[in-house]
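User: Please take a close look at one helix of this protein and set it in the context of the whole chain.

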Amino acid sequence: MKFTTTLIKHSDISEEQLTEICKLKAIRWDYTLDQHKKWMIENIQANDFHLLINDGEKPIAYTNLVDITAIINDENVQVRGIGNVCTSETGKGFGNVLMEEVNTVLTQNQWKGILLCKDHLVPYYEKFGWKLIDKHSVQAEKYNEINFMIYDFPQVVVSLTYNDRNF
């Protein structure tokens, strides 16, 4: 299979591309296209990015990279929040392609990454080099029952406070 990757700054995204992304998200999350678009309008800002993987013309995987700030080890740190990770099908390796590309984009741009995930997904993300932050080290009002994982952060994370926007 020949995959193509498109990294699109939100301020540059076309209505057609946004619709394609919403259709892909709707496969995994049971909301209407209008609800997905509304979420994007409310939560994605001009300097955020969309990462779309296509197999030919067909979109197969998507995530967004949102510009946020977290307090890590008592310092404000600019990171990219990796959200809405989704694929068109399960078991085809599309998620692996997506996560490898996420890591490439983060590394090439010298961005640090944060993602949130449920317990059963931690081993999946760890195999791509993401590190789990101990839940006892995290302070995040809206995200009590979720795991925080970080990518490309050279120090041990002793504390993380997150009060920025949803991603």
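Analyst: The answer below starts with helix H1, moves out to the whole fold, and ends with two residues outside the helices and strands.

This is a predicted model. Helix H1 covers residues 15-28. Its 14 residues should span 20 Å at 1.5 Å a residue, and the C-alpha atoms at its two ends are 21 Å apart, so the expected and modelled lengths agree. Six names make up the buried set of H1: Leu 18, Thr 19, Ile 21, Cys 22, Leu 24 and Lys 25. Buried here means under 20% relative accessible area. A lysine, Lys 25, is therefore in the buried set by that cut-off. The cover over these buried residues includes helix H2 (33-43) and three strands, S2 (49-55), S3 (58-72) and S4 (75-87).

The wider fold comes next. The protein has 4 helices and 9 strands, in the order β-α-α-β-β-β-α-β-α-β-β-β-β along the sequence. Its radius of gyration is 16 Å, close to the 15 Å that the globule rule gives for 167 residues, so the protein is as compact as a globular protein of that length. Along the principal axes, the C-alpha atoms fill a box of roughly 45 × 30 × 30 Å. Of the 167 residues, 46% are buried. Among contacts with a separation of 6 or more, 61% join residues 24 or more positions apart.

On the outside, the protein exposes about 9,100 Å², with 47% of that area supplied by carbon and sulfur atoms. Its side chains include 17 positive and 23 negative ones, and the centres of the two sets lie 3 Å apart.

Two individual residues complete the account. Lys 118 is in the loop between strand S5 (113-117) and helix H4 (122-126). Its relative accessible area is 53%, so Lys 118 counts as exposed. Leaving out residues up to four places away in sequence, Lys 118 touches Ile 146 and Asn 147. Lys 118 and Ile 146 are 28 residues apart along the chain, yet their C-alpha atoms are separated by 5.6 Å.

Asn 166 belongs to the segment after strand S9 (160-161). At 33% relative accessibility, Asn 166 is partly exposed. With the same sequence neighbours left out, Asn 166 touches Trp 39, Asn 43, Lys 142 and Tyr 143. Asn 166 and Asp 152 are 14 residues apart in sequence, and their C-alpha atoms are 21 Å apart in space.

Notes: Residues are numbered from 1 along each chain as its sequence is written. This is a predicted model: local features need pLDDT of at least 70, side-chain atom pairs count only at pLDDT 80 or more; totals for chains, interfaces and linings use all residues. Side-chain values use heavy atoms; hydrogens and water are left out. The radius of gyration is taken over C-alpha atoms; the globule rule is 2.2 Å times the number of residues to the power 0.38. Buried means under 20% relative accessible area, exposed over 50%, partly exposed in between (1.4 Å probe, protein chains only). Contact means heavy atoms within 4.5 Å. Accessible areas come from the Shrake-Rupley method with a 1.4 Å probe; for residues, only the protein chains shown count as cover. Lys and Arg count as positive and Asp and Glu as negative; His and the chain ends are not counted. The place of a charge is taken as NZ of Lys, CZ of Arg, CG of Asp or CD of Glu. The expected span of a helix is 1.5 Å times one less than its number of residues.
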